[in-house]
Amino acid sequence: MSEVEKYEAVIGLEVHAQLMTASKMFCRCPNQFGSLPNTNVCPVCTGQPGSLPVINKKAVELGVRAATALNCEIHSESVFARKNYFYPDLPKGYQISQYEKPYSTHGNITVRLKNGEEKRIGITRIHFEEDAGKSNHESYGTLVNLNRAGVPLIEIVSEPDMRTAHEAGQYLRALHSILRYADICDGNMEEGNFRCDANISVRLRGAEKFGTKVELKNINSFKFVEKAIEYEVQRQVFAIENGEKIIQQTRSWNSAKNVTEVMREKEQAHDYRYFPDPDLPKLVISSSWLDQIKKEMPELPHQASLRFKQAFDLSDYDASVLTSSKELAQYFEKVVAQSKNGKSSANWVMNELLGRLNAAGKEIDSSPVSATQLAELIQKIDSGEISGKIAKTVFEEMFATSKDAGSIIKEKGLVQISDLGALEKAVLKVIESNPSQLADYKAGKVKLLGFFVGQAMKETKGQANPSLLNELVKKLLDR
Amino acid sequence: MLSRDEVLKIAKLARLTLTEEEIAFYQKQLTRVLGHIQDLNQVPTSNETFVQHVPLDAEPFREDKAEPFANHEGLMGNAPAVENNCFLLPTIVEHS
Amino acid sequence: MEFGTQTIEALLSGYQKKEFKPSEVIGAYLENISARDKKLNSFLQVRAEETMAKAKALDGKMGEAVNLPLFGIPIAVKDNFLVEGWQATAGSKVLSGYVSPYTATSVKKLQEMGAVIVGKVNCDEFAMGSSNENSAYGPVRNPWDLERVPGGSSGGSSAAVAAGLAAVSLGTDTGGSIRQPASLCGLVGLKPSYGRVSRYGIVAYASSLDQVGPFSKTVWDSARVLEVMAGFDNRDATTSKRPVPRYTEELKSNSKRAFTLGISRSWLEGVDPDVAKSFEAALEAFKKLGGKIVEIDLPHTKYSLSTYYLIAPSEASSNLARYDGVHYGYRTQNAKSSEELYSRSRGEGIGREVKLRIMLGTYALSAGYYDAFYLKANQVRKKIQEDFEKAFTQCDFVATPTSPSTAFKLGEKTDDPLKMYLSDIFTLPVNLAGLPGLSIPCGLDSKNLPIGLQLIGKPFGESDLFAAAHSYEQVRGVFPLPSIAKGKG
């Protein structure tokens, strides 16, 4: 067994997701990204003397939606607590969060792995908190912008149930998908509204005790998650094999060097002095409110998958791929709505589009081929204007240029030939040019039908309607 | 008696630089007050972790409506140092 | 007319009858401030020109606006309230020069109803103190005896009204900071029930205990200010949605009720003899009105000091963490690291008593101590609440002297924080239980210093409190003012 196989990784993820509300968590500032520094602020989120927090009701609803979608237990009473520490982007000198009594605990999410298996990952807890501002460290000092301070967050803490970087990646994707589907979070990692930290340790397979864990921060894209985790796991394994002790520390992913590096030399244990925030009453989530939130829950990925399966007669696998992201599902539905051909749409999206998008490193929302364009292509196949084979060529060109199928077909003269007269001419020409094959065919070598069809197709530059051609060749040969 | 180290530890947690005189003063006064409050140990109490002081008819929620605050100049006007409309700390802050 | 000695009621009546105009009244008060405040040091900021301009504007509006409930009334506001455009130092060096970017809800309501702010007044730093000797801007002196303290932390608010520099003032009360200075200066001081008045815009000391309240010369004046100021505020999640009664109207209709007062004799040990005598006389007056006195037991109030001095400093240590020199306030020079920036700014900018309480609170919340200190104190707090609930099944109010002594001399208790804390022995439990408490002058001691009677009411029972105090006030007669108030420095 290799060194790495001797060990297993133990991975837990903490995700901070910004909630899609109109205003901040505890004040009336707009919840929006990208304003000029310190223009999206007020006395409350800048911690002015005398300011007080008031809870954003919608933020609580979205948080409860998330907990419901993640099968969590939702507590009818929970408490906001102050987490006290000093940092420039924390204007009050404390963050309003939840500590001993979060609003939800004990949930789970089922993820699909690449080997087709499903794994259930536990969710320890989800709680509300407010986001901090941003500090930019320049050579001459630190600049603090409080626009982001006070934005509503939920922190989703997983059980340390993941054993490979792949599982961690799938967990994140599944979580991301649920939050997007349910209109809870925008999920834009680059804009910072879906952030992930990982806690990683390793131990010998079969061992009961956990190893020393290292916190990995700064994972700000899906691309890096698996790479970073894999690197860290390997780093720890090699360290242990070399007789080194794993130091409990915080590391960050350096995407330029493809390594994890130490962020903080010594892990200083913070004494946050948590206590219930005396400016806020208990958070009460009544059962009637909970019922209402459940009723208003948007469609979740697994529900969309089931619906696609039934509506478009798809396999489990196909349905789950097409609903793996909300954007993709919406794209697919748009294609079907226009083309009216579920199976074909699924086929084209999954087998032609996705592969090319992956290779080009693009997401569905930057697809060079729009849903309407793809639908048109499918319609042209179904109407007989072009053959399926030709369509593939057309699609290649559509992906490269974003042009409509119609324009490409016209430019390249690829319209399928269905005119019997023209086809007959071509077939007769081929028959005449191949007398010995004709004789062999007549003598009983019926397999040569394929040869004649192939040649006739070549003669028509591949534009012959395949089924018509096939029929015609047979008819003319048997004459 | 609270030790000098303990006083310094508290002062560090609270981000308070103290003079020698202050350290001695706080050592004495904190010890006195903490001594006095030991009387609470005489009171048998239950295990409640949350004592309600807020009126039961208080309203913890507000509707999710954005209302931008108008007086930004007022907020920035009290800042000790500003650069590009950001609060400026003229020291290197350690990553945290 | 000597405007400085008038009640709100009298001023409003005069305005109605067109006997005088706001600019005359406000002008007179500004003159009083100018002439007398050097001796008292109660004002930290006066903006005479702006104030006179506002008063003159009101002159012009006498037609429509004269019916506003606080039309043309000069008020002083404690410097821990934020009022847009005015300073808010909270008596601290750390907020020196801070200009408020917004206005506290309670003040806004008064302004909208015609009140005119004549100035921001001095207080103990961050409202922590019982003598106004903890201010970074110098102590305030008691108008009754300039060698003595006015009480605290709202010493400036109290002295200003007692000396005729404002008709009414606003203070805050966390452990007695309105009632005790009212008692020491011969005024009516009210701490409403927790959640009755918005705390939005008040520099926070202890969030679960702080309340806003008025200083006035009469009960009616106090009722008038409260009915304007009180009520639900959607910017303060701890305010009650309970409707606000028309206290001044109910005052009249309630006046004849005979009330039952509860006294806890054991609790009253250790009170100055003059204070005890005055207190007994007040009880007699209530009996003559048809009231009853019953003995009640409040077994846990003896733990009030310990409970308060764990809860308040703990909350304060967190509330004051924002004073770090980063976004506003005092910043030290030449710090070489961020830790130094914070620690020296706070170390240099914050005063001795406040730092003591911050340290106490930090300790009480720290790892390993939370259960034994902060949590335990809150559990005992509940017991104190329950003691009062039980007492209120036997009486309408609990009565005590407001303070165990009258005004003490400046410097007398400053070396001994614990000794100073004992000034609040009767007022602390009221904040811990969230109840309304009113202090009304009931006598003078042998040194001609005011003594106060405290009535503690049921939750949101301010109406009854006013009624009882008003009845007493009628039989007690008009309470004297210090000579400085009558223009005889």
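Is the crossing of H11(C) and H14(C) left-handed or right-handed? This tour of a predicted model goes to that helix pair, then moves to the domains of chain A.

**Stop 1: two helices in chain C**

Select residues 304-319 of chain C for helix H11, and add residues 371-391 of chain C for helix H14. The two axes come within 9 Å and cross at roughly 130 degrees. An angle over 145 degrees would count as roughly antiparallel and one of 65 to 115 as roughly perpendicular; H11(C) and H14(C) are therefore oblique to each other. Their crossing is left-handed.

**Stop 2: the residues between them**

Show side chains next. On H11(C), pick C:Ser304, C:Thr307, C:Leu310, C:Ile311 and C:Ser314. Facing these on H14(C), the contact residues are C:Phe373, C:Tyr374, C:Ala377, C:Asn378, C:Val380, C:Arg381 and C:Ile384. Coloured by class, this contact of H11(C) with H14(C) shows seven nonpolar, four polar and one charged residues.

**Stop 3: the domains of chain A**

Switch to chain A and colour three ranges: 3-291 for domain 1, 299-412 for domain 2 and 420-477 for domain 3. Between the C-alpha centres of domain 1 and domain 2 of chain A the distance is 35 Å.

**Stop 4: where domain 1 touches domain 2**

Here, seven residues of domain 1 of chain A are in contact with eight residues of domain 2 of chain A. Which helix gives the most to the domain 1 side? Select residues 165-181 of chain A: this is helix H3, which gives four residues. By class, the domain 1 side of this contact in chain A has four nonpolar, one polar and two charged residues.

How values were computed: Residues numbered from 1 in each chain as written. Chains lettered and ligands numbered in written order. Predicted model: local features only at pLDDT ≥ 70, side-chain atom pairs only at ≥ 80, totals over all residues. Domains from an automatic or database assignment. Contact = placed C-beta atoms within 7 Å. Nonpolar A, V, L, I, M, F, W, Y, C, P; charged D, E, K, R; others polar. Axes fitted to C-alpha atoms, helices over the stretch in contact; angles between N-to-C directions. Parallel < 35°, antiparallel > 145°, perpendicular 65-115°, else oblique. Left-handed = near helix turned anticlockwise from the far one by under 90°.
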